[in-house]
Amino acid sequence: MKWTRYLRSWEFALFGLLLLELGVLGLVNPVFFNLENLLYSTLDFTHILFAALPLTLVIITAGIDISGVSVMGLASITLGLVWVAGVNVFAALAVALLVGVLAGAFNGFFVSRTDVNPLVITLGTLFMFAGLAQGMPALLDKLGFKAYGSAGLAAYQYEGITGLPDAFIALTEGSLGIVPYPFLAVLFFALVLSLLLHKTRFGRYLYLIGVNPKAAVYSGVPIRRVLVWAYVLSGFGAALAGAMLTSYFTSARADLGGDALLPIITAVVLGGADILGGSGTILGTLLAGMILGFLRQGLLALGVTNDLIQVVVGSLLILAMAAKQLLHVYGEYRLKRKALSSREGR
Amino acid sequence: MKHLVRSREALVTLLLVLLVVVTGLFNPNFFKAASIVEIFNASLTLVLIALGEMFVILTRGIDVSVGATAGLAAVVLGTTLNLGWPVGAAVLAAVLAGTLAGALNAFGVTFLRVPPIIMTLGTLGIYRGLMRIITGGSWIENLPQSIKEPNLWSFLGVPFFVWTTLALLALTAFVTLRVRLARYFYAVGDNETGAYLLGLPVRWTQFAAYTLAGTFAAFAAVVFTSQIGFVSMNAADGFELKAIAANVLGGVSLTGGVGTPVGAAIGALFLTAVHSMLIFLGVPGIWDNAFAGIILLIVVYVDYRVRSALELQRRQARIRGDAGGGA
């Protein structure tokens, strides 16, 4: 394998873009040259990465999972409720992650057993999980279980379930050296997923399913099982994101992550995954997510409002895609021309 | 009979009637004419947005920006009204804004060739951001009485907007059934390459679909602004997903080329009715979403089972060499 191949890859371009971005931001505002600060600011977008990384696997299979934003809220509120019930907060965390896995399995079951568009299925579960997260505390309360925590209903509606133990809050407040735990966890998660995607048979199956599901079936790929696992990982990632936000905001809420859908999908698509399936890498998603995250931080630091940032991110997504598509069309055109001229030359 | 089983409109209408009857049995107040009219009235926004979305889905596309488009159009309406524009001009400006927003999606999808979900996800962010930038993030209140008045007009006890929406629905239903140009939406969605080879203007048909989605979203904006009398910053938030759900419920297939305006409207009515029914049944409103999601999943699953059963039957008939097997 020639090393120049790496230089021409999309991930390398993203890496260059990330460095360029940090350089420009640093020149405008020297705070960005402070590594500790930079790493600390990742806390604001690690939840996007937690959800976007495994979503890459789903998108590689030509699927999509938009229910992740609801799973975040569901996992968060589950964590809170289990903790209020008197269970150790880390056991509650495990239950919340399990809920994410089950939610993913639910999606995967429907996606793999029917020919219904994954967008429709996860749209249905998006509503269902959000509804469950909103309804559960009220239902439990009616059944006589003090679901709202010590502060009661009014406080719950305003700030969710609060008063979580310090040991749990420390999961996001703490750091190893200057690297915050959540960012460390994201890197580890990315490493595991990357190995899974690029070094195992399971990973190769994902690509094959995305490129040509029929060929995958005929070559004996256990297509249903592979799909279910892809969605399970996506659900698990979303639950991790929900748990991380719970610790970061020090409260369990049903509506956490509601506005994360746009940045999550932007990260995956900007990372080089084709929404039609068959391509994409974990490294690409990780880099694109960081580019977007730091861009947001940088613009906020420059005094740009949240609203304008939304416009910028939306435009960036469209422009990146348009450039990629037009390059693709031009490449096809050149190939055809080449084929034509070689025929004429003969 | 076979046709009826296969028709999603029939399935969802049946489900709707069933739910209405059950709700009525638990709480007879539900049958009172006022509640029924109230449900119709409350469903108008979603019906209109879903109708626009239908064109896009028919061409095998998807538009997740329609809610944001409606919000943006509402902001244009509110802002121009408070600037002292006459109602007619303000409504026109809003409809124009919605149409332009739709046309931008259309441009990206057809000419820049950005995949629809990416394009409209991007503009979802852009339009929501623009809304707040235009207003500075505050709600638009103190709208003149002239915009709220149409909501009070009624004929035969049925509000003006219900009539106009029904008229628009009837028009759309007629056009999509009988007008050649509108059939292009079905042709392009069913088989894009085939439509292209037949000489149909594929790109322009897709362009028209996204633009219409924007126009209909603006209609919806006019209706809800008149109904509530102010424009909040999360106006029509989440309606894009509800509009897609309404279409899927009503039998508009995301694989393109299948579905009717009446189906989309019934789907939208269903989703709205669920909300009112849950209230009449004494279930708190927070369960809305869970219920809507479960119904959506059940409907697509039942539909899948019915389709695969019919397909199996057809294949078995073909193996046996029955005369009707090929049909």
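**Figure 1. Helices α10 and α13 of chain A pack against each other in this predicted model.** Helix α10(A) spans residues 181–199. Helix α13(A) spans residues 223–249. Their axes come within 12 Å and cross at roughly 175°. Angles over 145 degrees count as roughly antiparallel. The two helices, α10(A) and α13(A), are therefore roughly antiparallel to each other.

**Figure 2. Side chains and backbone at the contact of α10(A) with α13(A).** From α10(A) come Pro182(A), Phe189(A), Leu193(A) and Leu196(A). From α13(A) come Leu233(A), Phe236(A), Gly237(A), Leu240(A) and Met244(A). By class, the contact has eight nonpolar residues and one polar residue. No charged residue takes part.

**Figure 3. The largest cavity of the predicted model.** Two cavities of 30 Å³ or more were counted. The largest has a volume of about 80 Å³. Four helices of chain A each give two or more residues to its lining: α4 (46–60), α5 (68–84), α13 and α14 (261–270). Helix α14(A) provides the largest share, three residues.

**Figure 4. Residues around the largest cavity.** The lining includes Ala51(A), Leu55(A), Asp65(A) and Ile66(A). Gly68(A), Val69(A), Ser234(A) and Ala238(A) also line this cavity. Leu261(A), Ile264(A) and Ile265(A) complete the list. Eight lining residues are nonpolar, two are polar and one is charged.

**Figure 5. The second largest cavity, with α14 and α16 of chain A in its lining.** This cavity holds about 40 Å³ of space. Its lining consists of Trp10(A), Val269(A), Leu270(A), Leu317(A), Ala320(A), Met321(A) and Lys324(A). Helices α14(A) and α16(A) each supply at least two of these residues. Helix α16(A), residues 306–345, gives the most, with four. Six lining residues are nonpolar and one is charged. None is polar.

**Figure 6. Chain A as the setting for the close-ups.** The chain has 16 helices and four strands. Its radius of gyration is 22 Å, close to the 20 Å that the globule rule gives for 346 residues, so chain A is as compact as a globular protein of that length. Along the principal axes, its C-alpha atoms fill a box of roughly 85 × 55 × 35 Å.

Key
Residues numbered from 1 in each chain as written. Chains lettered and ligands numbered in written order. Predicted model: local features only at pLDDT ≥ 70, side-chain atom pairs only at ≥ 80, totals over all residues. Heavy atoms only, no water. Axes fitted to C-alpha atoms, helices over the stretch in contact; angles between N-to-C directions. Parallel < 35°, antiparallel > 145°, perpendicular 65-115°, else oblique. Contact = heavy atoms within 4.5 Å. Nonpolar A, V, L, I, M, F, W, Y, C, P; charged D, E, K, R; others polar. 1 Å grid on protein atoms, 1.4 Å probe; cavity = no way out; pocket = protein on both sides within 12 Å on 5 of 7 lines; lining within 4 Å. Points joined across faces, edges and corners; volume = space filled by probe spheres on them. Rg over C-alpha atoms; globule rule 2.2 N^0.38 Å.
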